[in-house]
Amino acid sequence: MCRWAAYHGTPIFLEDVISRPGHSLIAQSAHAEECKTATNGDGFGVAWYDARPEPGLYRDVYPAWSDPNLRAVAHHVRSGLFLSHVRASTGSCISRNNCHPFAARRWSFMHNGQVGGFEAFRKQADMAIADEFYTYRKGSTDSEVLFLLALSEGLESDPHGALARAVARLETLSRAHGTTPHMRLSAAFSDGQTLYAARYSSDHIAPSVYYRYSNARQGWAVVSEPLEQDEGDWTELRPGRMLSIGTSGVQERDFAPAYIGRAA
């Protein structure tokens with residue numbers, strides 16, 4: 001499992017999420033509290049939006065706690081919308097191409113969870129990616145496939161429906177060829193304008209997601225774990241829900257992918 005944190009609001013320095021809080025993302029990379037593995041040292045990444053429509057991207061394979069370049073970048077870069085991630089591999093190799101967030105065109109995407117038995121049907125999953133997006137397939141993870149499937153399913157015009165359809169396709173493949181748990185997912189993604197997050201599982205264990213507005217920073221944080229352990233006003237995103245934060249405010253809606261074998 002992995003840990004991630006995203007922000008949308010008045011521009012802040014990346015370190016205000018990645019390294020400065022008492023339970024920052026770097027702290028969670030060494031001592032996570034709400035996931036199966038307390039250590040998330042198989043790489044890190046950050047995608048941020050600023051003057052250009054495409055996100056900036058910095059990823060590497062080192063543990064987040066030991067990379068001085070990450071702290072330096074986070075200390076100097078300011079953004080009003082960014083995604084950050086620390087990785088604990090569920091089987092795929094440790095490489096820069098497998099580090100989150102992933103980016104394609106103006107979209108960035110990161111994921112915590114797993115698709116059960118992915119290696120048994122990886123070829124079928126890859127073949128489901130539309131040709132125009134397969135060029136972005138650089139690594140070997142199920143997470144990257146999920147992102148590119150969502151783009152193939154129309155993420156640019158229908159973020160909620162596209163992610164639901166992509167999750168359903170992979171869950172269907174897992175139920176036919178893979179193992180349990182067929183799908184566990186917490187994901188955050190953005191087009192540079194709106195920040196989205198979803199939480200879902202095919203069983204009773206869904207990876208944690210919380211969100212909170214900070215009056216001091218004038219922005220929203222969406223995280224795997226609260227950034228300060230003494231802050232009690234985080235809202236939990238319930239399993240089977242999707243969150244969007246944009247110019248129209250904050251909205252929650254149901255998120256129930258209709259895999260083959262279950263009525264929509």
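Modeller: Let's agree on one word first: a contact means heavy atoms within 4.5 Å. With that in hand, take contacts in the protein between residues at least 6 apart in sequence: 66% of these join residues at least 24 apart.

Biologist: Before we go on, what kind of model is this?

Modeller: It's a predicted model, where local features need pLDDT of at least 70 and side-chain atom pairs count only at pLDDT 80 or more, while totals for chains, interfaces and linings use all residues. Residues are numbered from 1 along each chain as its sequence is written, and side-chain values use heavy atoms, with hydrogens and water left out.

Biologist: How many helices and strands does the protein have, and how do you know?

Modeller: Helices are DSSP runs of H or I with at least four residues, strands are runs of E with at least two, and both are numbered from the N terminus. By that rule, the protein has 7 helices and 13 strands.

Biologist: Why is the protein called as compact as a globular protein of that length?

Modeller: The radius of gyration is taken over C-alpha atoms, and the globule rule is 2.2 Å times the number of residues to the power 0.38. For 264 residues the rule gives 18 Å, and the protein comes out close to that at 17 Å, so the description holds. Its C-alpha atoms fill a box of roughly 45 × 35 × 35 Å, taken along the principal axes.

Biologist: What makes a residue count as buried, or as exposed?

Modeller: Buried means under 20% relative accessible area, exposed means over 50%, and partly exposed is in between (1.4 Å probe, protein chains only). On that scale, 58% of the 264 residues count as buried.

Biologist: Why is strand S2 described as largely enclosed?

Modeller: Just check its residues, 44-49: 6 of the 6 are buried, so the rest of the structure largely encloses S2. In a regular strand the side chains alternate between the two faces of the sheet. Here Phe44, Val46 and Trp48 point one way, Gly45, Ala47 and Tyr49 point the other way, and all are buried.

Biologist: How do you know which strands pair with S2?

Modeller: Two strands pair if DSSP finds at least two bridges between them. S2 and S3 run antiparallel with 5 bridges, so they pass. Val46 stands opposite Tyr58 in S3, and the two strands form a hairpin with 6 residues between them. S2 also pairs with S4 (residues 78-86), in the antiparallel sense over 6 bridges, and there Gly45 stands opposite His85.

Biologist: What is the strand order of the open sheet?

Modeller: Its 7 strands run S3-S2-S4-S1-S10-S9-S11, with antiparallel pairing. S3 (56-60) and S11 (235-236) stand at the edges with a single partner strand each, so one side of each is left without a neighbour in the sheet. Elsewhere in that order, S9 (residues 210-214) and S10 (residues 219-223) run antiparallel, joined by 5 bridges, and Tyr210 stands opposite Val223.

Biologist: What makes S12 largely enclosed?

Modeller: Of its 6 residues (241-246), 5 are buried, so the same kind of reading applies: the rest of the structure largely encloses S12. S12 pairs antiparallel with S8 (residues 195-201) over 5 bridges, where Tyr196 has Ser244 as its bridge partner. With S13 (residues 249-254) S12 has 6 bridges, again antiparallel. Leu243 has Glu252 as its partner there, and a hairpin joins S12 to S13 through 2 residues.
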